[in-house]
Amino acid sequence: MALQQRLVTRRQALAAGMDEVQVDRLVRAGTWIAVRRGAYAEAAVVAAAEEAGWRERQVLADRAASLKMIRSYVMSHDSAALLLGLATLSRRSG
C-alpha cells in the first residue's frame, strides 16, 4: 500500500492472497474505506485527507481512480495540478 499512496484495489488484495470475505470484513469494520468502487484506503488515510480539506480528498480520489485504469493514462487538468500542488482556477466547496 505504501508505494500506491496507501491505496489498494480489491483485485490486488485478492491477488495477494486475501479472499472476498476478508476484504469485505475490513470494509464493514471500517478498517478500509472505499475511496472509489474497488479501491480502498486505511481509515486513517481517509481521515487525514478529510481533515486536510477538499484538495487532499480529491488527490486521494484521483489516485484511487488511477489504480483502476487498465490502459496507459496521464493525469491532466485539475487532477495533475492538484498532484503537483498547483493552484486551480476554481476552488471546489467542501
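This is a short talk on the fold, the cores and the largest pocket of one protein.

Keep in mind throughout that the model is predicted. I'll start with the overall layout. The protein has 94 residues, and 29% of them are buried. Its secondary structure amounts to 5 helices and 3 strands. Going along the sequence, the order is β-α-α-β-β-α-α-α. As for contacts, take those between residues at least 6 apart in sequence: 52% of them join residues at least 24 apart. The accessible surface is about 6,500 Å², and carbon and sulfur atoms account for 54% of that.

Now the inside. The largest nonpolar core is made of 10 residues. They are Leu7, Val35, Ala39, Ala41, Val45, Val46, Ala49, Leu60, Ala61 and Ala64. Which elements each supply at least two residues of this core? Strand 3, at 39-42, is one of them, along with helix 3, at 43-52, and helix 4, at 54-67. Another core, of 5 residues, lies apart from the largest one, and its members include Val8, Ala13, Trp32 and Tyr40.

Let me stay with Val8 for a moment. Val8 sits in strand 1, which covers residues 7-9. Its relative accessible area is 10%, and the cut-off for buried is under 20%, so Val8 counts as buried. In sequence, Val8 and Lys68 are 60 residues apart, yet their C-alpha atoms are 9.7 Å apart in space.

Next along is Thr9, also placed in strand 1. Is Thr9 buried or exposed? Thr9 has a relative accessibility of 6%, so it is buried by that cut-off of under 20%. Setting aside neighbours within four places in sequence, Thr9 contacts Gly38, Ala39, Tyr40, Leu67 and Lys68. Of these partners, Ala39 belongs to the largest nonpolar core, while Tyr40 belongs to the other core.

Thr9 also takes us to the pocket. The largest pocket holds about 160 Å³ of space. Its lining consists of Thr9, Arg10, Arg11, Gln12, Gly38, Leu67, Lys68, Met69 and Ile70. Gly38, Leu67 and Lys68 are therefore both contacts of Thr9 and lining residues of this pocket, taking contact to mean heavy atoms within 4.5 Å. Which element gives the most to that lining? That is helix 1, residues 10-15, with 3 residues. By character, the lining splits into 3 nonpolar, 3 polar and 3 charged residues.

To close, strand 1 holds Val8 and Thr9; Val8 is part of a nonpolar core, and Thr9 helps line the largest pocket.

Methods:
Residues numbered from 1 in each chain as written. Predicted model: local features only at pLDDT ≥ 70, side-chain atom pairs only at ≥ 80, totals over all residues. Heavy atoms only, no water. 1 Å grid on protein atoms, 1.4 Å probe; cavity = no way out; pocket = protein on both sides within 12 Å on 5 of 7 lines; lining within 4 Å. Points joined across faces, edges and corners; volume = space filled by probe spheres on them. Helix = DSSP H or I, 4+ residues; strand = E, 2+ residues; numbered from the N terminus. Nonpolar A, V, L, I, M, F, W, Y, C, P; charged D, E, K, R; others polar. Core = buried A, V, L, I, M, F, W, Y, C linked by side-chain atoms within 4.5 Å. Buried < 20%, exposed > 50% of the residue type's maximum accessible area, 1.4 Å probe, protein only. Areas by Shrake-Rupley, 256 points an atom, 1.4 Å probe, with all protein chains shown as cover.
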